[in-house]
Amino acid sequence: FIYTASAQFRHGVSESHGRRVKFSLEHDEMTVRDVMASGTVTRGDNGGDVRALDWREYLALGKRHVLALRAMAGRGDAGVSRFRLGSETSMTQFALPYVNDREISLRGYPDGLRELSDVNAELLSAEWRIPLPAINRGIDGLPLGAHTAYATVFYDAGKAWGTAPNPVHEENARRFDSLGAELLLVLDIGF
């Protein structure tokens, strides 16, 4: 189930106001095999159910500035494919995942970190998107150019728990957080 009630300003850098909510309920019936970046193979034998809620809120702050907020929670039975929190850019941070997408962006941490891979996961994220002056420049005769640039200041916090390698309860799971800034450039390809 996906609910979208968000909109983007005409020259905005992203969705500027409203919300997007995704709720999913999935059932894995087959043996699941995860290969983590470290090369470790983990296997779930039973399959089971996975429930996930991903809520994104966009608040217009004026002059095309946007505050993007995200809360994600996923719960799974012991034999299902694990959620994997790890490093991605803000462009994927606020994109809605599809079925069986367990890759969750937690900027500042490498993909495949054992403590950030398990059947239960949570993520909180806040991002201030700051538009920079329009570029609108291209290469003469070529369908390539720079359109827009913007900066972001973000805070992410997430944790994973439940089975090996993290056989802990939620209240004892280690929280990983990061604070940072990014500079992003939007390119135009084509006429």
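This section describes the fold, strand pairing, salt bridges and surface of a predicted protein model.

The model is predicted, and local features are therefore reported only at pLDDT of at least 70, side-chain atom pairs only at pLDDT 80 or more, whereas totals for chains, interfaces and linings use all residues. Residues are numbered from 1 along each chain as its sequence is written, and side-chain values use heavy atoms, with hydrogens and water left out.

The secondary structure consists of 1 helix and 13 strands, where helices (H or I, at least four residues) and strands (E, at least two) are DSSP runs numbered from the N terminus. Along the sequence these elements follow the pattern β-β-β-β-β-β-β-α-β-β-β-β-β-β. Of the 191 residues in the protein, 46% are buried; buried denotes under 20% relative accessible area, exposed over 50%, and partly exposed the range in between, with a 1.4 Å probe and protein chains only. Among contacts (heavy atoms within 4.5 Å) between residues at least 6 apart in sequence, 65% join residues at least 24 apart.

Strand 5 (48–62) has pairing partners in both strand 2 and strand 6, pairing being assigned if DSSP finds at least two bridges between two strands. Strand 2 (residues 17–28) runs antiparallel to strand 5 over 11 bridges, and in this pairing Asp28 has Gly48 of strand 5 as its bridge partner. Strand 5 is also joined by 12 bridges to strand 6 (residues 65–76), again in the antiparallel sense, with Arg51 opposite Arg75 and Ala52 opposite Gly74. Strands 5 and 6 form a hairpin with 2 residues between them, and Lys63 in the turn has a positive phi of about 50°. Strand 6 in turn pairs with strand 10 through 9 antiparallel bridges, Ala73 having Glu122 of strand 10 as its bridge partner.

Strand 10 comprises residues 120–131, and Asn120 lies within this strand. Asn120 is buried, with a relative accessible area of 10%. When residues up to four places away in sequence are not counted, Asn120 touches Gly74, Arg75 and Gly76, together with Phe83, Lys159, Ala160, Trp161 and Gly162.

A separate description applies to the open sheet formed by 3 strands in the order 8-7-9, in which the pairing is mixed. Its edge strands, each pairing on one side only, are strand 8 (103–105) and strand 9 (117–118). Strand 7 (residues 83–86) and strand 8 run parallel and are joined by 3 bridges, with Gly86 standing opposite Ser105 of strand 8.

The structure holds 12 salt bridges, a salt bridge being a side-chain nitrogen of Lys or Arg within 4 Å of a carboxyl oxygen of Asp or Glu. One of them is formed by the side chains of Glu103 and Arg84, at 2.7 Å from N to O; because Glu103 lies in strand 8 and Arg84 in strand 7, this pair ties together parts that are 19 residues apart in sequence. Glu103 is partly exposed, with a relative accessible area of 37%.

Arg107 takes part in further salt bridges, including one with Asp156, in which the closest N and O atoms are 2.8 Å apart. Asp156 lies in strand 12 and Arg107 in the loop between strand 8 and strand 9, so this pair ties together parts that are 49 residues apart in sequence. Both Asp156 and Arg107 are buried, the relative accessibility of Arg107 being 2%. Arg107 also forms a salt bridge with Glu182, with the closest N and O atoms 3.5 Å apart; this pair links distant parts of the chain, 75 residues apart, with Glu182 placed in strand 13 (residues 176–189). Glu182 is likewise buried, at a relative accessible area of 18%. A network of salt bridges links Arg107, Asp156 and Glu182 with Glu127 and Arg129.

The protein exposes about 10,500 Å², of which carbon and sulfur atoms supply 58%, as computed by the Shrake-Rupley method with a 1.4 Å probe, only the protein chains shown counting as cover for residues. Leu59, Leu61, Leu69, Trp128, Val153, Tyr155 and Leu179 make a nonpolar surface patch of about 630 Å². Patches are made of residues with over 30% relative accessible area and no salt bridge, like charges being joined within 9 Å and nonpolar side chains (Val, Leu, Ile, Met, Phe, Trp, Tyr) within 5 Å. Strand 5 and strand 12 (144–161) each supply at least two residues of the nonpolar patch. Trp128 of this patch belongs to strand 10 and is partly exposed, with a relative accessible area of 37%.
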